[in-house]
Amino acid sequence: MIERRNQPRRTVCGGLIIGVLAGLWLAAVEIVYVLVAGAGDSGDVGRLALVVGLLSAAFGGVLGVLAGLLAFGAGKAGAWLGKRRVNEMTATARVYTALMTVPVALVCASLFTGRWARSIPFHDGLAVLVGLLLLYGGFRVAHATLTLRDRLRGGSLEPRTGRLLGVALLLGTVILYLCDQRVFPRLYLYLHNALASTAYLAALLGLGALFAAGQRTGSRLGRLAEPGIALCVAVAVVAGGATGLAALSRSQGLRFVVAERTVVAQKIVGIATALRLGPRRGLAPPPTSLPALPPATIAAPKLPVGLRVPGADVFLISVDAARADHVGAYGYRRRTTPTIDEVASAGAVIERAYAQVPHTSFSISTMMTGKYLYSLAALGDRQRHETLPVILRRYGYKTAGFFPPSVFFIDAQKFTTYEETRFHFEYVKYEYLDAARRVDQVIQFLEGEKPPRVFAWTHFFEPHEPYDAHPGFDFGARAVDRYDGEIAYVDAQIARLLQWIRTNRPNAVVVITADHGEEFGEHGGHYHATTLYDEQLRVPLVVSAPGLTARRVPIQAEIVDVPTTILALLDLPLPARMRGTDLTPWLADPPADPEAAPPAFAEIEHKKMVVKNNHKLICDLQRGFCELYDLVADPGEKHNVVDTEPQTGAALRADLDAWIGGHLAYEQGPRELEGPQRQRRALERGRLGDVGA
């Protein structure tokens with residue numbers, strides 16, 4: 001009777017101890033990985049290890065107590081059911097399986113949410129089948145675990161076997177952790193949540209086996225579940241967790257490492273923040289700029305009049321996923337872009353140009369409208385913005401667009417107006433074609449229509465994944481090699497198009513750029529649309545025009561500047577609500593001062609970026625930290641200096657705040673801007689994901 005009365009206490013105390021130890025084990029694995037893998041600048045290693053250890057131990061203790069209560073409750077339910085239908089062990093395993101139903105359903109519901117995955121036949125049935133297999137596997141694991149526990153307690157299984165099993169499970173947590181870190185990082189959130197949960201469960205079971213073996217042999221490990229010891233541990237982990245959260249609140253650099261470079265610790269901080277146990281205010285500098293003013297009242301620096309070529313033809317060429325540092329004109333060692341390099345050598349190279357969003361849909365739409373459509377969509381924008389083809393048609397230009405449906409692939413529902421109207425081009429070829437056939441298509445249009453003045457946009461899709469091999473453009477078998485081969489293939493087709501233009505329309509303006517870059521593990525990930533680092537955002541921007549002398553333009557610029565600059569080159573009026581900067585003053589002789597160039601901005605989800613004077617600030621508005629990089633001293637963006645250069649960070653944050661707060665000022669009339677500016681800006685910032693608003 002006394003044994004039964006003490007069972008709940010022993011189960012909960014044991015769960016607490018095992019949970020704390022599991023948290024410490026995963027913290028040790030995490031710290032070793034961060035240091036060995038060189039996963040970013042970890043700053044003060046000792047402080048990082050201490051904070052991760054404290055948070056993981058505290059979180060592990062909480063989960064351990066919950067696991068103990070769950071084990072006790074499942075055991076009671078199993079015993080009750082066992083008296084009526086099946087044996088107690090099978091009934092208990094079924095209880096655990098029933099508890100798995102909700103998380104398994106969530107995982108299966110996420111398996112086929114991607115656009116391509118939804119096209120798989122019978123994907124709903126496959127999701128159900130996967131769910132049933134996972135539940136059956138969970139039942140078998142639960143049954144095997146209960147069997148081993150009872151055999152170990154009953155003496156039919158040697159303590160040595162229990163210890164070996166425990167060590168094997170702890171090693172399994174390392175494998176699961178490495179998979180979590182290395183397999184599709186920042187993609188497929190449901191997969192990473194499942195891996196992290198399984199890793200913690202494996203650590204819990206492994207330490208549980210060691211704990212049970214220790215109880216059999218009377219070792220110190222087996223005696224840790226004494227109520228007095230458990231109480232002391234509970235007090236320690238609560239104090240440690242509070243200390244860890246307080247340390248995070250004092251250092252943006254430490255918050256960055258925990259949020260971006262760890263797996264377990266970042267989830268702990270996320271849960272603590274969601275429960276308001278972690279600090280929300282003060283995680284990032286508050287908005288420091290004045291309320292945003294309507295465009296007409298913003299004072300601009302005096303700049304020289306730029307190059308003008310009124311009436312010239314315009315050819316805008318964009319290459320999907322072509323990152324700037326894989327172009328020869330930007331210093332790439334491989335001969336991937338001889339054609340673009342030739343254009344750059346005779347024209348203007350904008351040294352640091354950025355896409356507004358690291359995926360196609362928003363970047364292309366931004367390039368066609370001259371507006372920050374990602375933010376405007378978050379603020380309830382209804383796609384009623386004039387496009388560059390609409391404006392040029394007013395001035396007698398024949399407009400033609402040659403582009404694939406992939407430009408509306410991401411968030412397609414936000415681009416229905418532009419997709420239905422094809423950006424209001426008069427002549428449209430909207431289909432998937434390889435680069436060679438695309439160039440044939442453009443030339444056929446020009447030779448057949450013979451427009452007096454033309455604006456033609458051509459978008460080449462090839463460098464986008466999957467990276468296909470092209471005969472004659474072989475750089476190797478790796479993904480990055482095939483990617484370079486695709487860029488070289490497109491460059492060769494651009495050469496054909498430019499040769500026709502030089503022969504038949506020699507006074508044309510040619511602009512070559514891209515919609516975003518592509519990552520190949522520089523910050524642990526692949527593809528694009530996940531970060532705001534240069535490999536995903538920095539794109540080539542090359543301008544060739546009659547009368548333009550060759551130069552490199554040492555300024556930061558944006559894709560949103562392309563339509564404004566084209567209109568300025570043609571000496572046409574600039575719409576008041578276009579947000580892009582006219583870059584022609586920096587194409588003048590002599591050029592404008594590079595210091596006068598405005599900052600460049602970009603965004604994805606709750607992250608916003610600003611670049612100015614070779615420094616980049618990336619702020620996570622939801623998790624409350626910023627990263628700061630010196631792009632000259634640290635072009636790979638590996639060393640976050642936000643804690644060591646606070647003044648630079650504060651100045652860039654003020655620029656970022658002014659930009660965030662100014663979106664609606666360009667879209668709303670004076671009457672709509674009436675009322676308290678502070679409240680209006682707070683609401684606007686909140687809708688853009690800033691939890692500090």
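Val32, Leu35, Val36 and Val45 make up a nonpolar patch on the surface of this predicted model, and together they have about 350 Å² of accessible area. Accessible areas are computed with the Shrake-Rupley method and a 1.4 Å probe, and for residues only the protein chains shown count as cover. A patch is built from residues with over 30% relative accessible area and no salt bridge; like charges are joined within 9 Å, and nonpolar side chains (Val, Leu, Ile, Met, Phe, Trp, Tyr) within 5 Å. A salt bridge here is a side-chain nitrogen of Lys or Arg within 4 Å of a carboxyl oxygen of Asp or Glu. Helix H1 (residues 2–37) gives the most to the nonpolar patch, with three residues. Valine 45 lies in helix H2 (residues 45–82). Helices (H or I, at least four residues) and strands (E, at least two) are DSSP runs numbered from the N terminus. Valine 45 counts as partly exposed because its relative accessibility is 36%; buried means under 20% relative accessible area, exposed over 50%, and partly exposed in between, with a 1.4 Å probe and protein chains only.

The model is predicted, so local features need pLDDT of at least 70 and side-chain atom pairs count only at pLDDT 80 or more, while totals for chains, interfaces and linings use all residues. Residues are numbered from 1 along each chain as its sequence is written, and side-chain values use heavy atoms, with hydrogens and water left out.

For the chain as a whole, the secondary structure comes to 22 helices and 15 strands. Of the 693 residues in the chain, 51% are buried. The accessible surface of the chain is about 31100 Å², and 60% of this belongs to carbon and sulfur atoms. Among contacts in the chain with a separation of 6 or more, 74% are between residues 24 or more positions apart; contact means heavy atoms within 4.5 Å.

Strand E6 (residues 509–514) is mostly covered, with six of its six residues buried. In a regular strand the side chains alternate between the two faces of the sheet. In E6, Val509, Val511 and Thr513 point one way, Val510, Ile512 and Ala514 point the other way, and all are buried. E6 pairs with strand E1 (residues 314–319) in the parallel sense over six bridges, where two strands pair if DSSP finds at least two bridges between them. In the pairing of E1 with E6, phenylalanine 315 stands opposite valine 510. E6 also pairs with strand E10 (residues 541–544), in the antiparallel sense and over four bridges. There, leucine 541 in E10 is the bridge partner of threonine 513.

Strand E3 (residues 398–403) is mostly covered as well: five of its six residues are buried. It pairs in the parallel sense with strand E5 (residues 454–460) over five bridges, and with strand E4 (residues 427–430), again in the parallel sense, over four bridges. Glycine 401 appears in both pairings: its bridge partner in E5 is tryptophan 457, and it stands opposite valine 428 in E4.

Two individual residues come next. Threonine 387 is found in the loop between helix H14 (373–378) and helix H15 (388–394). Its relative accessible area is 0%, so it counts as buried. Not counting residues up to four places away in sequence, threonine 387 touches Met368, Thr369, Tyr418, Phe423 and His424.

Tyrosine 483 is in helix H18 (residues 479–504), and it is buried because its relative accessible area is 0%. Leaving aside neighbours within four places in sequence, tyrosine 483 is in contact with residues including Ala321, Arg323, His326, Tyr467 and Phe520. Its C-alpha atom is separated by 7.5 Å from that of aspartate 468, 15 residues apart along the chain.

Further along the chain, four strands form an open sheet in the order E12-E13-E14-E15, with antiparallel pairing. Strand E12 (600–604) and strand E15 (625–630) are the edge strands, each pairing on one side only. Neighbouring strands of this sheet are turned by 15 degrees against each other on average, direction ignored. Axes are lines fitted to C-alpha atoms, for helices over the stretch in contact, and angles run from 0 to 180 degrees between N-to-C directions.

Strand E13 (residues 607–612) and strand E14 (residues 615–620) pair in the antiparallel sense over six bridges, and lysine 612 stands opposite histidine 615 in E14. Helix H21 (residues 646–660) packs on the sheet and touches E12, E13, E14 and E15; its direction makes about 115 degrees with that of E13. Helix H10 (residues 252–261) lies across E13, E14 and E15, running at about 100 degrees to E15.
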